[in-house]
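Welcome! Work through these exercises with the structure open beside you, and try each task before you read its solution.

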Amino acid sequence: MPQPPPDSRPALCVDALDVQYGRAVTALNGVRLDVPHGGVVALLGANGAGKTTLLRAVSGTLRMHHGAVTGGTIRYGEVTLDGQDPVAAVRAGVVQVPEGRRVFAGLSVDDNLRAGGLGLGRRAPAQVREARDRVFGLFPRLAERTAQRAGLLSGGEQQMLAIGRALMAAPKLLLLDEPSLGLAPLMVERIAEVVREINAQGTSVLLVEQNAAMALALADEAYVLDVGEVRLSGPAGELARTDAVRRLYLGEDPGAAGDGAATPAGAASAPAPADEGKGAA
Ligand SMILES: Nc1ncnc2c1ncn2[C@@H]1O[C@H](COP(=O)(O)OP(=O)(O)OP(=O)(O)O)[C@@H](O)[C@H]1O
């Protein structure tokens, strides 16, 4: 499929975003992040940095987790998403695949996929068929197992189903929360290929990953969150060469090979030493 023409305007614009859980927990503080049309953006950070919270804020699922946007804006094209519910996000073309492959274990593969289109109202059968064809094209294994109960699928197959279910809503922006978590290396590679393919088909991707090597290899741009704030951002290739990212997220020793890479423009200081090792791939 030919690539759509590049569009330099950001599709998703998150600006000065503050998020709290109750009164006590500030999970995000003044976060700014853009996802360009047709781009892949990686979001890295140690455990508890706020990555999942950012995805929840964009997909309108924050309230389900007793969180709230307390400042800033989230816009997708012309649509304001901060303070909206998940249905509004899905209608705007923004769909999240939650962490932990949450499939409906007692339902069949087919019924799980059907659930992916809910919230969009009645759609023409041809549209639904097109979405299913896309999912089965990406995941032939699911096509062979339509009647199987989702709970009996392998971990990798459940991740495929979780992504497939999101694709049934024909998203323009897919929010992926740690798709490689707990999967064997071969399956991680397959998931990476699938993300590339989904993007080549014209869907933008915001990818949260602990597997920094995979995420930086896939992404055009990357952001590093540290205790709720953006610490580093820039082209993924440049970020992968910075000392901080190599040491903290790629498990490398920059001192050993003499690192000459510049810190990306606008980047703040490296994450605090207290976080060392936590996010390493
Ligand atoms: N439902 C919640 N209620 C209260 N605090 C929460 C809730 N969910 C997350 N938090 C807190 O908000 C902060 C950010 O958490 P979040 O899950 O977004 O981080 P993360 O970067 O996705 O971490 P991980 O990689 O471990 O999933 C953490 O301090 C966490 O304890």
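**Exercise 1.** Is T203 buried or exposed, and why?

*Solution.* Before starting, note that this is a predicted model, in which local features need pLDDT of at least 70, side-chain atom pairs count only at pLDDT 80 or more, and totals for chains, interfaces and linings use all residues. Residues are numbered from 1 along each chain as its sequence is written.

Step 1: learn the rule. A residue is buried if 20 or more other C-beta atoms lie within 10 Å of its own, exposed if 12 or fewer, and partly exposed in between, with C-beta atoms placed from the backbone.

Step 2: apply the rule. T203 has 21 other C-beta atoms within 10 Å, so T203 is buried.

Step 3: place T203. It lies in the loop between α7 (185–200) and β8 (204–208); helices (H or I, at least four residues) and strands (E, at least two) are DSSP runs, numbered from the N terminus.

Step 4: look at its surroundings. Two residues are in contact if their C-beta atoms, placed from the backbone, lie within 7 Å. Leaving aside neighbours within four places in sequence, T203 is in contact with P171, K172, L174 and I198. T203 and V94 are 109 residues apart in sequence, and their C-alpha atoms are 10.0 Å apart in space.

**Exercise 2.** Now try A68: which class of burial does it have?

*Solution.* Step 1: find A68 in strand β4 (residues 67–76).

Step 2: count. A68 has 15 other C-beta atoms within 10 Å, so it is partly exposed.

Step 3: list its contacts. Not counting residues up to four places away in sequence, A68 touches V19, Q20, L62 and R63.

Step 4: compare sequence and space. A68 and E178 are 110 residues apart in sequence and 22 Å apart from C-alpha to C-alpha.

**Exercise 3.** Which residues of strand β9 point one way, and which the other way?

*Solution.* Step 1: recall the pattern. In a regular strand the side chains alternate between the two faces of the sheet.

Step 2: sort the residues. E221, Y223 and L225 point one way from β9, while A222, V224 and D226 point the other way.

Step 3: check burial. In β9 (residues 221–226), six of the six residues are buried.

Step 4: find the partner strands; two strands pair if DSSP finds at least two bridges between them. Strand β3 (residues 40–45) runs parallel to β9 and is joined to it by five bridges, with G45 partnered by L225. Strand β10 (residues 229–235) pairs with β9 in the antiparallel sense over six bridges, and here A222 is partnered by G234.

Step 5: look at the turn. The hairpin of β9 and β10 has two residues between the strands, and V227 takes a positive phi near 45° there.

**Exercise 4.** Which element gives the most to the shell around the ligand?

*Solution.* Step 1: define the shell. A residue is near a molecule if its C-beta atom, placed from the backbone, lies within 6 Å of it.

Step 2: find the residues. The ligand is surrounded by 13 residues, and the closest are Y21, N47, K51, T52 and T53. The elements that give two or more residues are β2 (25–37) and α1 (51–59).

Step 3: answer. α1 gives the most, with three residues.

Step 4: look at α1 itself. Nine of its nine residues are buried, so α1 is largely enclosed by the rest of the structure. Just after α1, G60 takes a positive phi of about 75°.

**Exercise 5.** How many residues has the largest nonpolar core?

*Solution.* Step 1: define the core as a set of buried Ala, Val, Leu, Ile, Met, Phe, Trp, Tyr and Cys residues joined through C-beta atoms within 7 Å.

Step 2: count. The largest core has 81 residues, and L43 is one of those with the most contacts inside it.

Step 3: find the contributors. Helix α6 (residues 155–167) gives the most to this core, with six residues. The core also draws at least three residues from each of domain 1 (8–93 + 171–182 + 200–281) and domain 2 (102–170), whose bounds come from an automatic or database domain assignment.

Step 4: zoom in on L43. Not counting residues up to four places away in sequence, L43 touches K51, L54, L206, L207, V208, Y223 and L225.
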